[in-house]
Amino acid sequence: MNTERLSDRLAAVASYVEAGAVVADIGSDHAYLPCFLINTGKAQKAVAGEVVKGPFESAVKNVQRKGLSDAVTVRLANGLFAIEDHDAVDTVVIAGMGGTLIASILESGKEKLQQVKRIIAQPNLHAKAIREWAVSNSWEITDEAILKEDGKIYEIIVLERGQMTYDELDLLAGPFLLASKSAVFSEKWNRELVEWNRVLRSLETADSTAAVTLKKEQLKRQIELVGKVLES
Ligand code: SAM
């Protein structure tokens, strides 16, 4: 992967960036995505935010090597604090992390979202945490995708401002993904069912503390919900 050719996962993320966008890519270890968006003329300006020094330095080097320092600003910062008001960022991308971490980055820096119109989140797991954050913060899901690359399954969630109510299954599996129910979607949830059943069997032999009982109930509920979707 490089700034000319992205992985299928990052290319899918890039496809949700609107032409002329000003993008902040948070957790931008090599700045591949911002450089690609500028090189292809899709974005007019970008910020690459990275909290760890080594990856930040790789991002700086890549941007300099490509001669893109005028269009891509690389900042060493935690989460959305890489964004400054004068950047006029309208699109935030947070990709390649767990959904719980993405949701916590959104929550702890939400004052930085005032000018932002679109959030493109690509969780590697626990996408539900992002959907729950969206509902609590008046963002609605406007699109979703699921794809498989090198044996791993990834989800993409696109958020815009709005208010929607989602049921338990929508939050878990994604309203758009449920509607299209692709082969990759079925594969993901079949994998989860196998794992949940394995955990449930191991909990059957554990001491029945309140925490164990609660976990078993949650797993049974998820198995029931997802099982019905896969059967239908
Ligand atoms: N976004 C790229 C992608 O999708 O290929 C890189 C993904 S990499 C697995 C995750 C990156 O996010 C790491 O470089 C990590 O240091 C960075 N990161 C994690 N938490 C962060 C935070 N709170 N703020 C900024 N960067 C963060």
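Student: How many aromatic pairs does the count come to?
Tutor: This is a predicted model, in which local features need pLDDT of at least 70 and side-chain atom pairs count only at pLDDT 80 or more, while totals for chains, interfaces and linings use all residues. Side-chain values use heavy atoms, with hydrogens and water left out, and residues are numbered from 1 along each chain as its sequence is written. Rings of Phe, Tyr and Trp (its six-membered ring) pair if their centres lie within 6.5 Å. By this rule the number of aromatic pairs is 3.

Student: Which residues do ring pairs link into a cluster?
Tutor: Lysine 188 has its charged end over the ring of tryptophan 189, 4.8 Å from the centre (NZ of Lys or CZ of Arg within 6 Å of the ring centre and within 35 degrees of the ring normal). Trp189 also belongs to the cluster, whose members are Phe185, Trp189 and Trp196.

Student: Over which ring does the charged end of arginine 9 sit?
Tutor: The side chain of arginine 9 also has an N or O atom 2.8 Å from an oxygen atom of the ligand. Its charged end is 5.5 Å from the centre of a ring, that of tyrosine 154.

Student: How much of the ligand does the protein bury?
Tutor: Two nitrogen contacts involve the backbone (polar contact: N or O atoms within 3.5 Å): a polar atom of glycine 79 at 2.7 Å, and an N or O atom of alanine 95 at 3.0 Å. Taken alone, the ligand exposes 600 Å² (Shrake-Rupley, 1.4 Å probe). The share of this area buried by the protein is 79%.

Student: Which element gives the largest share of the shell around the ligand?
Tutor: The ligand is surrounded by 16 residues (a heavy atom within 4 Å), which divide into 9 nonpolar, 4 polar and 3 charged. Helix H1 (8-14), strand E4 (91-97) and helix H4 (99-108) each give two or more. The largest share, 3 residues, comes from E4.

Student: What is the radius of gyration of the protein?
Tutor: The C-alpha trace spans about 60 × 35 × 35 Å along its principal axes. For 232 residues the globule rule gives 17 Å, and the protein is close to that, so it is as compact as a globular protein of that length; its radius of gyration is 19 Å.

Conventions:
Phe/Tyr/Trp six-rings, centres within 6.5 Å; stacked < 30°, edge-to-face > 60°. Polar contact = N/O pair within 3.5 Å; in protein donor to acceptor, adjacent residues only side chain to side chain. Helix = DSSP H or I, 4+ residues; strand = E, 2+ residues; numbered from the N terminus. Nonpolar A, V, L, I, M, F, W, Y, C, P; charged D, E, K, R; others polar. Rg over C-alpha atoms; globule rule 2.2 N^0.38 Å.
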